[in-house]
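Biologist: I should be grateful for a close look at the salt bridges of this structure. Please treat the individual pairs in turn, with their surroundings, and say how far the model may be read in detail.

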Amino acid sequence: MPTDGLTPAQRQAVTHAGGPLLVLGGPGTGKTRTLIARFQWLVEQGAPPESVLALTFSAPAADGLRMRIEDAIDRPYEELSVCTVHGLCARLLRDEAAEAGLDPFAQPVTPADRLAMLLERIDELTLRRHDLRGNPAALLAGVIERVDRLKEELVTAEEYAAWAAEASRSGQEREFAGLYRAHDRMLAERGALDFGDLLLTGHRLLRDNAGVRARAAERYAHLLVDEYQDLNLAQVQIAAVLARGSATAVFAADPEQSILRFRGAATKNVEALAAPVVRLERSLRCRRRILDAARAEVDGEAGGEVAFWRATNERAQAQAVAADIERRIVREGLRPDEVAVLVRSVRNEGQEVAVALEERAVPFRLVGAAAFFQRAEIRDVLAWLRLLSDPGGAGAVVRALARPPVELRSVDLARCIQISRRRKLDMVSALVAATESPQLPPESRERILHFLRRHKAGAGQLDTVRPDLFVQRLIERLGLRRQQLFAAQADVVERLVNLAKLSELATQYVRRSPQATAREFARYIAAVAEAGLREEEASVAGAAPGVQVMSMLTAKGREFEAVYVLGLQSARMPGARRRTFEPIPDALLHEELPAESRAAHVAEMRRLLHVAMTRARARLVLAYPERSEAGAIMQPSPFVEEARAAVGGTWEQREEELFGPAESLHAAARALRGEVLDAVSAVGGRLGELRLDTDLDVSHAIVRYLELLKLGALIQRPAGQSVEETLPAINARLGQGLSAEQREVFETSTLDDFLLGADADDRRRTSGLAARSEPSLEAFLPRRGAGLVLSASDVETYLTCPLKYKFARVFRIPQEPTVNQRFGILVHQVLERYHAVGGESKTLAELLGLLEAGWRRGGFGDSDEERQLRAKAIEALTRYHERFQSEPADPVWLERAFAFKLGDHLVRGRVDRVDRLPDGGFELIDYKTGRPKSAAQLKSDVQLSLYAVGAREAWQLDAAQQAYYYVLDDAKVPVERSAEDRDWVTDTVLEVADGIMSQGFEPTPSYAACSVCDYRIVCPAAER
Ligand code: SF4
């Protein structure tokens, strides 16, 4: 039952009937859980799963919500609508492209793409009144940010221009109006939409077009909105239109967690919603003390306790966190992925924490867009791209020389830099000169020559090879992938996945800028990395389990057993008000918002910390460094002081460990040496005085000295002996000449406990490291609940070769998309759009017009091969059109999705076309652009059989026929299937799933499989 285990308030929200409802609750009170239960309940009441639209604020939050709903729903369905408002608008505009007057192949573009676009055409922009400060990328990133803000507030370029044209406006405002228009014009010329356009156009379409509104209302009978407080004006208005059309709408919100809303309009969305309210009062996540401390951030209530650390500096802060996490993992069995370290900015503060966790061999991940560009493997590739495209980039050359595969010794590196400086040469020319230097040993010369060879090969292709191929070849050439391909440790796989992501960014770039060179891509990616723009694609799902180091903002919507919030000095929390590039004038706003002020900033920071603190279920540590990098003394955040006062906490001091975690004996000896020297002067000075406690002081000083000797003996103990084994003998020897009083002090000292504990930690760390190297790809499998998510092509790939499945779906190494593959995708898209707008009423010219539009957007060039393909496509589509007009085909669905549960697994797919046959039956059709196969060759084909099962399960449709349609050859090959197929398909899918779950990825090479496998270059099994 969906309502099992829910509180009465949650049950009330889940079973609410009729009009809109607002569910209010603090962090961890189960708002999202309530929405999921409502989804389940609606489905149980008979609502089709695809009729429930669930919206949330970010793509990762939507992914998380979708997974939980997929796990909760047992009924088959076509496709769930669980997405962001942007995602919803993208779908709406694709389905309603004709109504919206959009190019049917229009692509949403990221801020990074737009930055590249503006940088490429900077000469066309008027920037006389904007200060470039030598960094156009940063200025243009600011322009993009401001355009986004304006669009979120539904302010169009025209509205802004009209406002800026008024006499009282400044020249800079008028210039910005021109920039805004130029930005939109350039996007339109590319047939692209930015995220703001998705909202603006989606909103306009829903508001002004009754037909579109009616279709949306028919499709989405029920609406669920999570994190409603953080929706911007455009999103709120879109949700409002949808809510008016739907039978029921439930909004979940917590105004105290509003950290994304423009100008701190924290409670605005909630206040403006006219709906009955259900309040969830009980936190099911945070323990009492954490809640008490967190409440101090919002309303100043008292009670409870939480840990407060004052660290000597940032390094001490990071070390203390790493040591504490390690202790809890090894002693208390806490899972690393149950821990989060939250900072204001991963880019600025994440590295320190990463180093400290690395020192203790605690697995971790830096999370977030900025983190992607900070990863070592990504920086390696970026360094090579930079040095190839810009010979003056000395920093990039130095990195490339120091890192694999070159790994030049630092002394030789210093020599090369010296040559470059003295002779005023760029680094690459200096390296050429260095190869003639007698000071360089032959091995180093060889390494430099190795670098120069790679440099020459790369530079030669920079202006000739397509960017995506260039990046893939660079990765291969640097050996970054090959070295690691067969390792199975989670962190190694994560590196591979990140490299794959970089290749994907290049592929997407090519799709958008078909004619661009690798040099242009190098400039683009460098600008993206530098400008710190959010790059939506640059995140890795299904990553290795580990402590998550992320920004407070990114942590929103997540929860962890233990949370460490760092950098809580007053200079940063609340810190100075960050001035946006330029505020949006009130006259342009379509809503009333609180004024931008210091008070609004403070309130927003307070809510941000509140969100960060309430991510913790059981343990919360709030920390700050008392000295800045420059040595200035820093004060704790007033918010933390309030929390400390509220729970009666005290500051605990955390010092820097100079010797690192594995050097506890050295660190203890160093500390004790200081104590002994202090005791010498203190006790020595008192020896002449007539004091009763002087003898005891002397005994303490002697014992401290003996303990120093003890540490010396332990440091020099024979290799392989543990502290536990050595300690008794040393203690016996040292204790021989002690007086009774000294013996008592000696035996009651806590030093031995500390040493034994540290020794045990060392051993646990060593065994932990050994355990980490045991291969397991568990974290990378496409899990859903207790099972897997599988598509027909996953099953086929695994059946062809399990290792190929591992390369494609576990490591996610991008396949080099061949021209033929890209061409196949384009033909699919053209046919889908042709039928979507009523193929029977379309002329041949319109069909070929779609091919023309798709060809331009699809990144095709003018090579002989591409020209041939284009001629082939025109011929094939002409035949297709003629056949379609003359034959009694009746396509009823296109690209229709299905999903159903098979055992623990979720099987899903999408059928290209479903036709109604003259006798009323249905035929499933899958388009192919490859060479036709005969019916005999397709005998053991899984795909169409699985589609037939999917159609029966999800659509209750028994397909009478199934066929592959080989478009280029105009050949339709029917695939016969019998009633036993269902059992056969079920058994096959379950066998494949078992193989994947047990990580059975043994290769099954064959000529047929390997000759067309995209991974044969990297696959040793294919080597003969
Ligand atoms: S090259 Fe052959 S053996 Fe290697 S992954 Fe591909 S199909 Fe499998």
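Modeller: A helix is here a DSSP run of H or I with at least four residues, and such runs are numbered from the N terminus. With that convention the first pair can be placed, in what is a predicted model.

The side chains of Arg66 and Asp63 form a salt bridge, with an N to O distance of 3.2 Å. Both residues belong to helix 3, which covers residues 59-72, and because they are three residues apart there, about one helical turn separates them. As to solvent, Arg66 is partly exposed, at 26% relative accessibility. Its partner Asp63 is likewise partly exposed, with a relative accessible area of 36%.

A second salt bridge joins the side chains of Arg207 and Asp208, at 2.7 Å from N to O. Here Arg207 has a relative accessibility of 46% and therefore counts as partly exposed, the upper limit of that class being 50%. Asp208, at 51%, lies over that limit and so counts as exposed.

A third pair consists of Arg466 and Asp468, whose side chains meet in a salt bridge of 2.9 Å, N to O. The acidic partner, Asp468, has a relative accessible area of 1%; this is under 20%, so Asp468 is buried.

Beyond these pairs, salt bridges also link Arg114, Asp148, Lys151, Asp184, Asp194 and Asp197 in a network. In total, the structure contains 60 salt bridges.

A polar contact may be set beside these charged pairs. Gln10 lies in helix 1, which spans residues 8-14. The side chain of Gln10 makes a polar contact of 3.3 Å with that of Thr34. Gln10 is buried, because its relative accessibility of 1% falls under 20%.

On the question of detail, the chain has a mean pLDDT of 84, and 89% of its residues reach 70 or more. Over residues 299-304, however, the pLDDT is below 50, and this stretch has 16 contacts in the model beyond near neighbours in sequence. Residues 535-542 also have a pLDDT below 50, with 24 contacts beyond near neighbours in sequence. Where pLDDT is low, the predicted coordinates should not be read in detail.

Technical notes
Residues are numbered from 1 along each chain as its sequence is written. This is a predicted model: local features need pLDDT of at least 70, side-chain atom pairs count only at pLDDT 80 or more; totals for chains, interfaces and linings use all residues. Side-chain values use heavy atoms; hydrogens and water are left out. A salt bridge is a side-chain nitrogen of Lys or Arg within 4 Å of a carboxyl oxygen of Asp or Glu. Helices (H or I, at least four residues) and strands (E, at least two) are DSSP runs, numbered from the N terminus. Buried means under 20% relative accessible area, exposed over 50%, partly exposed in between (1.4 Å probe, protein chains only). A polar contact is a pair of N or O atoms within 3.5 Å; within protein, one must be able to donate a hydrogen and the other to accept it, and residues adjacent in sequence count only if both atoms are side-chain atoms. pLDDT is the predictor's confidence in each residue, from 0 to 100. Contact means heavy atoms within 4.5 Å.
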